[in-house]
Amino acid sequence: MKRPSKRVTSGDVARAAGVSQTTVSFVLNNRLDQGISDETRSKVLEAVRSLGYRPRAAARTLASGRSNVVLLLLSGLPVSVSMSVFIEEFGASLSESGLTLVTHLASPDRGRLVDVCATVHASAVIALSPLDQGTVEAFRESGAQVVLTTGKDASVPDASIGRLQAEYLVGQGHRRLGYGLPTQGAFSVMAEGRLRAVADVCAEHGLVPPVALPTELSAEGAARAVGEWTRRSVTAVCAFNDEVALAVLAGMRVRGLSAPEDVAVVGVDDVPVAAVAAPSLTTVAFDLKGAGHQLAAAVVAGLAQGDPHIGRSGAQPRLIRRQSA
């Protein structure tokens, strides 16, 4: 039986580069305060590449005083197309700073989440749903230096999204709006924020509140909501996201209605199929890559300086006008 290959150590790297193990540690931990020359740094990195050296996580933690793990809590949120884009950019941006993204999909039970944080030795925890102060403190006690919740400091403000939808439709002359709510409970916080913004716009223009109805992601299920909207003289629908909007369009076809002639529809996310839907979907888009990059920058700043501020400039929503409205 062939014996497994010997694991490459930092000592092997040091011998190959002709330097001490301490120097190897300084280079790998990017210690710019040690006066290591570019030539020496290049020798160490070349030895790392040629030998295929992979430092152990525990060793990295001891050397730097923290791990390189960032824990992202999705708390049961469905991983949609837009969510995938955001996560990919977030992870790639963290990687550029030597950090590793770990995602956790389970339900938001405090005890389990804190256990996960401790198990992976996360230095930062990011939650895409609100966290209470007790949970934040529990994460910190388990070793997380940075705890951010985008439910509180959202890179893409839900109010801005709902307002943009409603203001566009009101500007098109619609006076009775509907709102297509998601049926997934995990989206309830985001949906409430967007719906409140739509209601605020209606109030500002002297209109009655929007008719908000749960909208199933099926033609027959959505047709029930469409029937209620038309019964109540709704002429335009703000959908929670593009999936709900596309379901509304399917429900309209079941009812023999068309957009925008009978009911105008505006979605959110600008998923790839939005542009090729029949009719093409008017929607709200935002720079999800920019949002992922900004959140990564906030994590890096928090770990380095203790000031994890989430910027907003790269994620401002914009309306893309197409045939459905």
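Are F86 and F90 buried or exposed? In this predicted model, both F86 and F90 turn out to be buried. The two residues sit in helix α5, which spans residues 81-96, and they are four residues apart, or about one turn of the helix. Their ring centres are 6.0 Å apart and the planes meet at 15°, so this pair counts as stacked, the cut-off for stacking being planes under 30 degrees apart.

A search of the whole structure picks up two aromatic pairs. Besides F86 and F90, there is a pair made by F187 and F240, and this one is tilted, with 5.1 Å from centre to centre and 45° between the planes. F187 belongs to the loop between β5 (177-181) and α9 (188-204), while F240 belongs to the loop between β7 (236-239) and α11 (242-254), so the pair ties together parts of the chain that are 53 residues apart in sequence. Both partners are tucked away here too: F187 is buried, and so is F240.

Stepping back to the whole protein chain, there are twelve helices and ten strands. Of its 325 residues, 46% are buried. The accessible surface adds up to about 16000 Å², and carbon and sulfur atoms account for 51% of that. As for contacts between residues at least 6 apart in sequence, 72% of them join residues at least 24 apart.

Now for the strands, beginning with β1 (residues 69-73). Five of the five residues of β1 are buried, which means that the strand is largely enclosed by the rest of the structure. In a regular strand, side chains alternate between the two faces of the sheet. In β1, V69, L71 and L73 point one way and V70 and L72 the other, and all are buried. Strand β3 (residues 124-127) follows suit, with A124 and I126 pointing one way, V125 and A127 pointing the other way, and all of them buried.

What does β1 pair with? One partner is strand β2 (residues 100-104), which pairs with β1 in the parallel sense over five bridges. Another is β3, which runs parallel to β1 and is joined to it by four bridges. L73 has a counterpart in each of these strands: H104 stands opposite in β2, and A127 stands opposite in β3. L72, in turn, stands opposite I126 in β3.

β3 also pairs with strand β4 (residues 146-149), again in the parallel sense and over four bridges. Within this pairing, V125 has V147 of β4 as its bridge partner. To get from β3 to β4, the chain passes through helix α7 (residues 133-141), and this β-α-β crossover is right-handed.

One more residue deserves a look. T282 is found in strand β9, residues 282-285. With a relative accessible area of 0%, T282 is buried; the cut-off for that label is under 20%. Leaving aside residues up to four places away in sequence, T282 touches Y168, V265, V266, G267, L319, I320, R321, R322, Q323, S324 and A325. One of these neighbours, R322, also takes part in a polar contact: the T282 side chain reaches the backbone nitrogen of R322 at 2.8 Å.

Definitions and conventions:
Residues are numbered from 1 along each chain as its sequence is written. This is a predicted model: local features need pLDDT of at least 70, side-chain atom pairs count only at pLDDT 80 or more; totals for chains, interfaces and linings use all residues. Side-chain values use heavy atoms; hydrogens and water are left out. Buried means under 20% relative accessible area, exposed over 50%, partly exposed in between (1.4 Å probe, protein chains only). A polar contact is a pair of N or O atoms within 3.5 Å; within protein, one must be able to donate a hydrogen and the other to accept it, and residues adjacent in sequence count only if both atoms are side-chain atoms. Contact means heavy atoms within 4.5 Å. Two strands pair if DSSP finds at least two bridges between them. A crossover is right-handed if, with the strands pointing away from the viewer, the path from the first strand over the helix to the second runs clockwise. Accessible areas come from the Shrake-Rupley method with a 1.4 Å probe; for residues, only the protein chains shown count as cover. Rings of Phe, Tyr and Trp (its six-membered ring) pair if their centres lie within 6.5 Å; planes under 30 degrees apart count as stacked, over 60 as edge-to-face and the rest as tilted.
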